[in-house]
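Student: Please take one part of this structure and go over it closely. Then connect that part to the rest, step by step, for someone who has not seen the structure before.

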Amino acid sequence: MTIVTHQSQSIPAGALCRLHHIALNVANMPASRHFYGTILGLHELTGSDIPSSLVELVKQGRVTNFRLPDGTILDLFAEPDLSPPSPDPTIQFTRANHLAFDIAPDLFELAVRVLRDNDVKIEGEPVTRSTGKGIYCYDPDGFMVEIRCD
């Protein structure tokens, strides 16, 4: 196996400052809400605490959000028909949906450029939501990673 490396710019060390959220696919949303909210005691976001971009999905029972004391968010995505492993990274095949890293807003465009310069597989174009901007890409194993800013 040949590993191809590019001598290009990198995201500065320390720019990815904290884990913002982790999103898990769950087969049984009520059981998962009970486990994370009741058993583990995580604070479930309700009412105006739910990000506006997720309100409708929460109403539909397709997403549930929890906030840990350090501010990290745990998102649960209902995927009742979880797929088996697949070589296609665009097919959901694990219980984890993606890992999201915060970056300073003034470094977001640099991060996008670095991903592109390094031929990292990117899922679509950067997105802008009420919670900020983000770009989704895939690690070498096909696991989705988001780099996002407020």
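Tutor: V127 is partly exposed, because its relative accessible area is 25%, and buried would require under 20%. The model is a predicted one. V127 sits in strand β6, which covers residues 122-129. Between V127 and R148 there are 9.2 Å in space, C-alpha to C-alpha, while the two are 21 residues apart in sequence.

For the setting, the protein chain contains 3 helices and 8 strands. Following the sequence, these elements come in the pattern β-α-β-α-β-β-β-α-β-β-β. Of the 150 residues in the protein chain, 32% are buried.

From V127, turn to E125, a residue that forms a salt bridge with R116. The closest N and O atoms of R116 and E125 are 3.0 Å apart. R116 has a relative accessible area of 40% and is therefore partly exposed. E125, in contrast, is exposed, with a relative accessible area of 55%. R148, already met as the residue 9.2 Å from V127, has a place in a network: salt bridges that share partners join R148 to R18, D102 and D150.

What lies behind such contacts in general? Side chains of opposite charge can pair when their charged atoms come close. In the whole structure, a search finds 6 salt bridges. One of them is between D102 and R18, where the closest N and O atoms are 3.2 Å apart. D102 belongs to strand β5 (residues 96-102) and R18 to the segment before β1 (19-26), so this salt bridge ties together parts 84 residues apart in sequence. The two partners can also be described by their accessibility. D102 counts as buried, at 6% relative accessibility, whereas R18 is partly exposed, with a relative accessible area of 36%.

Another salt bridge is formed by the side chains of E109 and K133, at 3.6 Å from N to O. Because E109 lies in helix α3 (residues 108-117) and K133 in strand β7 (residues 132-138), this pair ties together parts that are 24 residues apart in sequence. E109 is partly exposed, with a relative accessible area of 44%. K133 also counts as partly exposed, at 30% relative accessibility.

Strands β5 and β7 come up again in the pocket. The largest pocket has a volume of about 650 Å³. Its lining is made of 29 residues, of which H21, L54, D75, F77 and Y136 are the closest to the centre. The elements that give two or more residues to this lining are β1, β3 (63-67), β4 (73-78), β5, β7 and β8 (144-149). By type, the lining of the largest pocket divides into 10 nonpolar, 10 polar and 9 charged residues.

Strand β3 leads on to the aromatic residues. The structure holds 2 aromatic pairs. In one of them, the ring centres of F35 and Y36 are 5.0 Å apart and the planes stand at 85 degrees, so the pair is edge-to-face. F35 is partly exposed, with a relative accessible area of 37%, while Y36 is buried, with a relative accessible area of 17%. Y36 also forms an aromatic pair with F66, and this one is tilted, with 6.3 Å from centre to centre and 45 degrees between the planes. The pair of Y36 and F66 links distant parts of the chain, since Y36 is in helix α1 (residues 29-39) and F66 in strand β3, 30 residues apart. Both Y36 and F66 are buried. Through these ring pairs, F35, Y36 and F66 are linked into a cluster.

That leaves helix α1, where Y36 is found. Which residues of α1 are buried? The buried residues of α1 are M29, S32 and Y36. Seen down the axis of α1, they fall within an arc of 70 degrees, so they line one face of the helix. P30, T38 and I39 are exposed residues carried on the face of α1 that is turned away from its buried side.

Methods. Residues numbered from 1 in each chain as written. Predicted model: local features only at pLDDT ≥ 70, side-chain atom pairs only at ≥ 80, totals over all residues. Heavy atoms only, no water. Salt bridge = Lys/Arg side-chain N within 4 Å of Asp/Glu carboxyl O. Helix = DSSP H or I, 4+ residues; strand = E, 2+ residues; numbered from the N terminus. Buried < 20%, exposed > 50% of the residue type's maximum accessible area, 1.4 Å probe, protein only. 1 Å grid on protein atoms, 1.4 Å probe; cavity = no way out; pocket = protein on both sides within 12 Å on 5 of 7 lines; lining within 4 Å. Points joined across faces, edges and corners; volume = space filled by probe spheres on them. Nonpolar A, V, L, I, M, F, W, Y, C, P; charged D, E, K, R; others polar. Phe/Tyr/Trp six-rings, centres within 6.5 Å; stacked < 30°, edge-to-face > 60°. Arc of directions from axis to C-beta.
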